[in-house]
Amino acid sequence: KNLKKYFPVGKSSLFGSTNYLKAVDDISFYINQGETLGLVGESGCGKSTTGRSIIRMFDINGGEIYYKGVDISKLKEKKLKPYRRKMQVIFQDPYASLNPTLTVKDLVSEPLDVYHIGNKKERYERVLELIEKVGLTKEHLDRYPHEFSGGQRQRIGIARALSINPEFILCDEPISALDVSIQAQVVNMLEDLQHELGLTYLFIAHDLSMVRHISQRIGVMYLGKLVEIGPSHAIYKNPLHPYTKALLSSVLEPDPKLARENPIRVIEGDVPSPLKPPTGCRFVTRCKYKKKECNNLEPELKEVEKDHFVACHLY
Ligand code: SF4
Ligand code: MG
């Protein structure tokens with residue numbers, strides 16, 4: 001609720017005051033238990049910062065974070081620990097996020113060690129169970145991350161995230177670095193695991209095609225703001241925000257006939273610097289529908305149809 005995360009970026013010479021990069025600037029949303037909320041937007045729009053803020057990877061500059069009704073945004077480490085156990089992350093680049101000096105067995109059992117779960121034998125059995133759940137085998141346990149393909153490494157990352165029975169998983173671009181042929185496999189596996197284990201996901205991706213099949217609801221971010229959020233089918237059938245429309249029109253159409261009728265329209269102009277975002281609507285510099293008030297009046301998120309919200313003066 002009203003989440004803000006600002007990063008200090010050096011001093012302004014004139015007044016000695018610090019400049020801030022407002023990576024996430026006052027956004028509110030909810031995620032239902034057991035669902036997947038897809039969060040999309042170009043790089044630098046604040047989607048990873050949003051995800052990392054809500055699992056308390058760092059302190060926030062404003063707002064609240066409710067986990068099953070409890071505000072966890074100001075909890076100190078000791079009180080936060082039970083919540084940390086419930087929230088895990090799967091990162092974009094499993095090679096960078098897996099310690100290269102640890103074997104698969106040690107990587108997957110490390111969270112169990114940290115939380116003192118089970119004895120040695122029980123941990124081994126848990127690791128074996130997890131590794132089989134993600135489609136690897138006992139023979140893989142004593143190998144190191146570099147011996148695996150990208151898709152297999154992501155499976156190891158998933159097994160590790162699942163080891164301590166989390167309820168909520170931040171999937172931070174888990175398939176963006178993988179070959180297209182592997183992406184669907186990983187998405188299908190995440191979906192199966194969600195149903196089997198009752199997991200809730202925040203699934204971050206930079207384009208709408210990646211979140212389409214896994215998300216019940218989708219949020220679209222632009223320059224630190226949430227510009228549209230709603231049920232997936234509504235976002236695809238009836239996108240409201242000009243930015244969402246532009247994102248959708250840049251999704252490749254597999255049917256050549258439709259592709260010819262609907263050529264890809266690239267959004268014109270560059271993303272403005274997040275250090276000095278436009279006043280009014282942040283999309284104003286690239287929006288072909290802009291009106292006079294867009295220059296100085298910031299649009300609020302409004303519910304336009306059931307559960308479908310948009311921040312744009314056209315509505
Ligand atoms: Fe475009 Fe104005 Fe809507 Fe912003 S508020 S997206 S500038 S029409
Ligand atoms: Mg990111």
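In this predicted model, eight strands form an open sheet with mixed pairing, in the order 6-7-8-3-9-10-12-11. Its edges are strand 6 (87-90) and strand 11 (302-305), each of which pairs on one side only. On average, neighbouring strands of the sheet are turned by 20 degrees against each other, with direction ignored.

The description can start at the edge formed by strand 6. Strand 6 pairs with strand 7 in the parallel sense, and four bridges connect the two. Within this part of the sheet, Q88 stands opposite I169 of strand 7. Is strand 6 covered on its faces, or which of its residues are buried, and on which side? M87 and V89 on one side are buried, as are Q88 and I90 on the other, so that both faces count as covered because a residue is called buried when 20 or more other C-beta atoms lie within 10 Å of its own.

Moving inward along the order, strand 7 runs parallel to strand 8, and five bridges join them. Here D172 stands opposite I204 in strand 8. On its other side, strand 8 pairs with strand 3, again in the parallel sense and over five bridges. The bridge partner of L39 in strand 8 is I204. I204 therefore serves both neighbours, as it faces D172 in one pairing and L39 in the other, given that strands are paired through DSSP bridges. Strand 8 is mostly covered, with five of its six residues buried.

Helix 1 (residues 47-54) lies across this region of the sheet. The strands under the helix are strand 3 (36-40), strand 7, strand 8 (200-205) and strand 9 (217-222). Relative to strand 8, helix 1 runs at about 155 degrees.

Two residues deserve a look for their backbone angles. Most residues other than glycine have a negative phi. E173 is not a glycine, yet its phi is positive, at about 50 degrees. E173 sits in the loop between strand 7 (168-172) and helix 7 (180-197). Is E173 buried or exposed? E173 counts as buried because it has 20 C-beta neighbours inside 10 Å. D26 also has a positive phi, near 70 degrees, and is likewise a residue other than glycine. D26 belongs to strand 2 (residues 18-27). With 16 C-beta neighbours inside 10 Å, D26 is classed as partly exposed.

At the level of the whole chain, there is a division into domain 1 (31-215) and domain 2 (239-315). The centres of the two domains, taken over C-alpha atoms, are separated by 31 Å. How many residues does each domain give to the contact? Domain 1 supplies six residues and domain 2 supplies five. On the side of domain 1 that touches domain 2, the residues divide into two nonpolar, two polar and two charged.

The last topic is the ligand. Around ligand 1 there are 14 residues, and those that come nearest are C281, C287, K290, C294 and C312. By class, the shell holds ten nonpolar, two polar and two charged residues. Cysteine is counted as nonpolar in this scheme, so the cysteines named above fall into that class, while K290 falls among the charged residues.

How values were computed: Residues numbered from 1 in each chain as written. Chains lettered and ligands numbered in written order. Predicted model: local features only at pLDDT ≥ 70, side-chain atom pairs only at ≥ 80, totals over all residues. Near = placed C-beta within 6 Å. Domains from an automatic or database assignment. Contact = placed C-beta atoms within 7 Å. Buried ≥ 20, exposed ≤ 12 C-beta atoms within 10 Å, placed from the backbone. Axes fitted to C-alpha atoms, helices over the stretch in contact; angles between N-to-C directions.
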